[in-house]
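Thanks, everyone; I would like to use these few minutes to talk about salt bridges and one of the sheets. Please keep the model in view while I go through them.

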Amino acid sequence: MKDVWEDWKLYERLVARLMADQLSTEFCVTPNASIRGAITGIKRQIDVLIEARHDTDNTRRIIVDAKRRKRKIDVKDVETFRGMMEDVGATHGYLVCPYGHTPAAEKRAQTAVSIRLLPLDRLEDFDPRTWPRCSRPRCRNGRVFWDGYPEVSLGLLALDGTPTRRAFVHHVGKCDCCGVFHVFCATCCQILCVPEDDDTDIGHQCACRLPWFWLASIEEDERGAQSAELHLVMGLGDVRTVNRRSLSTA
């Protein structure tokens with residue numbers, strides 16, 4: 001069966017990829033996210049969600065709307081977007097489009113919204129169908145979106161007894177359809193699927209069998225908002241949160 005992607009979906013994934021490549025490592029990026037609005041109480045689809053990576057902190061939440069259309073962004077688009085920002089608690093937002101914006105839209109955006117131009121010709125060399133397929137059995141169409149590259153250092157002894165350290169690089173990300181976390185070990189080239197909703201899960205190790213493992217969980221902040229978090233567990237008391245995504249459940 002041919003893997004065909006809609007034009008809007010390709011544009012959204014390109015925006016997500018560019019955002020992930022340009023942002024500081026303290027932020028994580030989730031394409032095709034879903035958040036329940038605090039005001040409306042309904043699930044809001046977010047083209048690209050940007051959040052703090054290492055802790056359950058939603059005070060720096062940023063959302064991105066990728067508008068692949070044949071006209072300029074107008075003031076109504078900005079007003080609708082600002083309404084969604086308020087509903088999901090975003091501190092800043094980006095409207096990305098291929099054909100620019102009207103002067104009124106720029107005035108309405110002010111400091112809370114940034115409007116960015118991304119021409120359609122940037123899609124020519126972009127093909128997310130080359131991304132790994134989601135490993136979750138019940139997810140048929142998802143692709144793994146890598147948005148973090150944690151490095152783990154391990155102290156070793158050389159043959160002559162000289163102490164040294166070796167770095168092990170990993171890619172962490174999530175499915176762009178179901179959102180489940182994935183980890184790629186650059187040493188053994190194995191991809192692990194790490195679900196956060198498995199109560200029997202005791203951790204995942206790649207074929208290297210080094211002294212750490214990966215575990216996902218659902219955490220809750222002081223306001224009751226839930227997020228899925230991917231943890232690197234190095235030992236007793238040494239747990240690093242390396243990726244996260246907000247959940248749409250209240």
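In this predicted model, D77 forms a salt bridge with R69, and the closest N and O atoms of that pair are 3.0 Å apart. D77 counts as buried, at 9% relative accessibility, whereas R69 is partly exposed, with a relative accessible area of 24%. The pair also belongs to a network of salt bridges that links R69, R71, D74 and D77.

Let me turn to the helix that begins at residue 75, since α2 (residues 75-88) lies across β1, β2, β3, β4 and β5, running at about 145 degrees to β4. Those five strands form an open sheet with mixed pairing, in the order β1-β2-β3-β4-β5, and its edge strands, β1 (27-36) and β5 (113-117), each pair on one side only. On average, and with direction ignored, neighbouring strands of this sheet are turned by 30 degrees against each other. Within the sheet, β2 (residues 43-52) and β3 (residues 62-66) pair in the antiparallel sense over three bridges, and I50 has I62 in β3 as its bridge partner.

Coming back to salt bridges, of which the count is 19, I would point to two further examples. R17 and D21 form one with their closest N and O atoms 3.1 Å apart; because they are four residues apart in helix α1 (residues 7-22), about one helical turn separates them.

The other joins the side chains of E196 and R245, at 3.0 Å from N to O. E196 lies in the loop between β10 and β11 and R245 in strand β13, so this pair ties together parts that are 49 residues apart in sequence. E196 is buried, with a relative accessible area of 10%, and R245 is buried at 9%.

Terms used
Residues numbered from 1 in each chain as written. Predicted model: local features only at pLDDT ≥ 70, side-chain atom pairs only at ≥ 80, totals over all residues. Heavy atoms only, no water. Pairing = 2+ DSSP bridges. Helix = DSSP H or I, 4+ residues; strand = E, 2+ residues; numbered from the N terminus. Axes fitted to C-alpha atoms, helices over the stretch in contact; angles between N-to-C directions. Contact = heavy atoms within 4.5 Å. Salt bridge = Lys/Arg side-chain N within 4 Å of Asp/Glu carboxyl O. Buried < 20%, exposed > 50% of the residue type's maximum accessible area, 1.4 Å probe, protein only.
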